[in-house]
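User: I'd like a close look at one part of this protein: the helices and what sits beside them in the chain. Please keep it informal and spell out the cut-offs as you go.

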Amino acid sequence: MKKSGAFPYINRELSWLDFNTRVLEEAYEKDNPVLERFKFLGITASNLDEFFMVRVAGVREQVRSGYKGVDCAGLTPSAQLELLTQKIHAFTDRQYSCLSRSLIPLLRQNGIFLLKPEELSEEQRGYVEDYFRSVLFPVLTPLAVDRSRPFPMLLNKSLNIALRLRQGKETAFAVVQVPAILPRLVELPSSAGRAFIMLENILLLHLNALFELHDIAASAAFRVTRNGDLAIDEEAEDLLIEIQQSIKKRKRGRPVRLELSRKCDGELREFLTEMLDVREKDIYEVSGPLDLTFCLKLSSLDDGLRLPPITPVPAADFLGWDDMFAAIRAGDRFVHHPYESFDCVVDFVRTAAEDPDVLAIKQTLYRVSGHSPIIAALIRAAENGKQVTVLVELKARFDEENNIHWALKLEEAGCHVIYGLAGLKTHCKILLVVRREEDGLRRYLHLGTGNYNDSTARQYTDMGMFTCRESFGADASSLFNVLTGYSRPPMYNRLVTAPEGMREFFYRMIDGEIENARLGLPCGIFAKVNSLVDPAIIERLYAASLSGVPVTLVVRGICCLIAGVPGISENIRVISIVGQLLEHSRIFRFENAGKPRLYLGSADWMPRNLDRRVELLFPVEDEHIRARVEESIRLMLEDTVNGREQLPDGSYHLQDGRGKPLINCQRELSRLAQEAREQAERARREEDDMRPLTQRPPDAE
């Protein structure tokens, strides 16, 4: 944390680690059911893998290149790396303490046993031996390491067993990869409850079968994490081929972390350190199973040991409408995922694909699911002769292969596919349908804060709006012309876009609140983002605080701003919500002298979003939708279960709920969605009852 100079600023990487610590706290939370706690522990491991592959790897490369510059927190890359290493080692110890001291004993109490080899019964030993012979052994490839056989190129994040072998006085080394194609957890016969053993433990029990000519002097599980950040030449003649080649390099990038069993033999440890060329500080010795992402799989064993699922209901705004286009013509429509189902978005595309009056569909895709109904609908639209244009962002990190697959499928179906823009990622969420109607062409839009991904829409909180307002439609057409052609960025009527205009828009809005405070007019700023990193935005928020503007921020992850610092940020409040669902929606509200302006969008307050991505903000003008968004804001700020408030030292603590009712905003929003649905159904029944019998729908009698 830097307090000298212009303003206080927390280093981005350290702030991210603090966020992952908040996720780990949910694994320690005793009020969470045991498998829910395993889920959170698995999330921390998955998060940390990506953090090493991208952020730690990036800092390592800066150190390697000799870069000596400092960030806004005053840290050089070498200083950052030192602090990161210390914090990650401490964090890893906390992960394994949570697993061994809390979760595994609690799991046993609930009749689920994660057994070590020495804990197996005779029956279970026989089952394990049979499993090894019939399933595991045929797919194993033991790799000797000697002068004629060099150390193998181990894939990123693969789990392996290293061995030190003896034959007489000769010492040799070997590596066996634990097959990722087989389940990591193997269920065993059990007379009480359910019992499992880790796949690597089955392998460790039967290593002699692989090295019959040698004595096994020592063995240990290990795992390598490699630099996974793609270096893409965006000037390449074929971007798709360039990205395909870069993906292959990711699997073999420079090692940035070596995870190792704590009981590893000294000679074996020295061998791995030399072969993988890792620093001593990059070795993470753990006393438990490597790769805790297996906890995510374990967490799905029994729904009764998880929090009750938040079940999406059909969107209330579309109840009673058989024609989606007619519903949108009657007024803007709102949907709040996952409290309300993503089906209405899928149905919008499917309806457009089959409607003979629809002429064109244009859409941006950043991340989609493995079996995307959106993609299927777009393909169907092209087969039906619609003009379908899809911008598929090939550079969406860790989704490149999936996006390449879908881009090729769309092209095969006759869609016009754009592979993003050189130098920019297209991150905005927009879907445009052009329809021929009696009074001419009409443009229907879906605008959202989240990806067109039916899978994550069940886990991420996001908001979307449907509209056919002409000013929005004209802006959408102009945006797609910029994305697909050489059009100059226009002056938009309603939409705000990045990289042209969004940064300046936020500057104007914040400065406007500062001016309102000076004039004694109503003022205030609310923002909900995933990350707050941008130094210029942070400096302006500090200026707003100093001018007396109340600033309230809901920042799930990285927050480089520090709230409540005397003389700087006393008027700023920062809350992080970490709960059953991943908070993903972006909301911006400016008091505007008593005439609040409310926006939803795709952008976080980070330099990459404002300067290096195509992003989109859209205003909420419909009073019904405004009320629903405002209600969501209120509940988030009152959350006493998942809401953690930032203190002036940069730490986070659960909000003080003493004397207040327990409020879980995610559960409460789910309840409100159910109520809105029921209210809409009652209103529909009452409307049907008022109609003459001859005008009632068949199911109304």
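Analyst: Here is a walk through the helices, followed by a few loops and a strand residue.

This is a predicted model, so local features need pLDDT of at least 70 and side-chain atom pairs count only at pLDDT 80 or more, while totals for chains, interfaces and linings use all residues. Residues are numbered from 1 along each chain as its sequence is written, and side-chain values use heavy atoms, with hydrogens and water left out.

Let's start with α1 and α3. Helix α1 covers residues 12-28 and helix α3 covers residues 77-109. (Helices are DSSP runs of H or I with at least four residues, strands are runs of E with at least two, and both are numbered from the N terminus.) Their axes sit 11 Å apart and make an angle of about 5°; axes here are lines fitted to C-alpha atoms, for helices over the stretch in contact, with angles from 0 to 180 degrees between N-to-C directions. That makes α1 roughly parallel to α3, a label for angles under 35 degrees. Among the α1 residues making the contact are L14, L17, L24 and Y28, and the α3 side includes L83, L84, I88 and F91 (contact means heavy atoms within 4.5 Å). Sorted by class, this contact has eleven nonpolar, five polar and four charged residues. For the sorting, Ala, Val, Leu, Ile, Met, Phe, Trp, Tyr, Cys and Pro are nonpolar, Asp, Glu, Lys and Arg are charged, and the others, Gly among them, are polar.

Next come α11 (residues 373-383) and α12 (residues 400-412), whose axes come within 9 Å and cross at roughly 20°. That crossing angle makes α11 roughly parallel to α12. The crossing is right-handed, meaning that the near helix is turned clockwise from the far one by less than a right angle. On the α11 side, I375, L378 and I379 meet W406, K409 and L410 of α12. By class, that contact has five nonpolar, no polar and one charged residues.

Now for α10, residues 343-354. Its twelve residues should span 16 Å at 1.5 Å a residue, and the end C-alpha atoms are indeed 16 Å apart, which agrees; the expected span is 1.5 Å times one less than the number of residues. Its buried residues are C344, V345, V346, F348, V349, A352 and A353, where buried is under 20% relative accessible area, exposed is over 50% and partly exposed is in between (1.4 Å probe, protein chains only).

The loop leading from β10 (333-337) to α10 holds P338. The peptide bond joining H337 and P338 is cis, with omega about -5°. A cis bond also joins A498 and P499, with omega about 5°, and P499 lies in the loop between β18 (496-498) and α14 (502-518).

Another helix has an unusual residue in the loop before it. D291, between β9 (283-286) and α8 (294-298), has a positive phi near 60° although it is not a glycine. D291 is buried, at a relative accessible area of 13%.

Last comes M463, in strand β17 (residues 460-467). M463 is buried, with a relative accessible area of 2%. Leaving aside neighbours within four places in sequence, its contacts include F334, V335 and H336, as well as L447, I587, L600 and V629.

Notes
Parallel < 35°, antiparallel > 145°, perpendicular 65-115°, else oblique.
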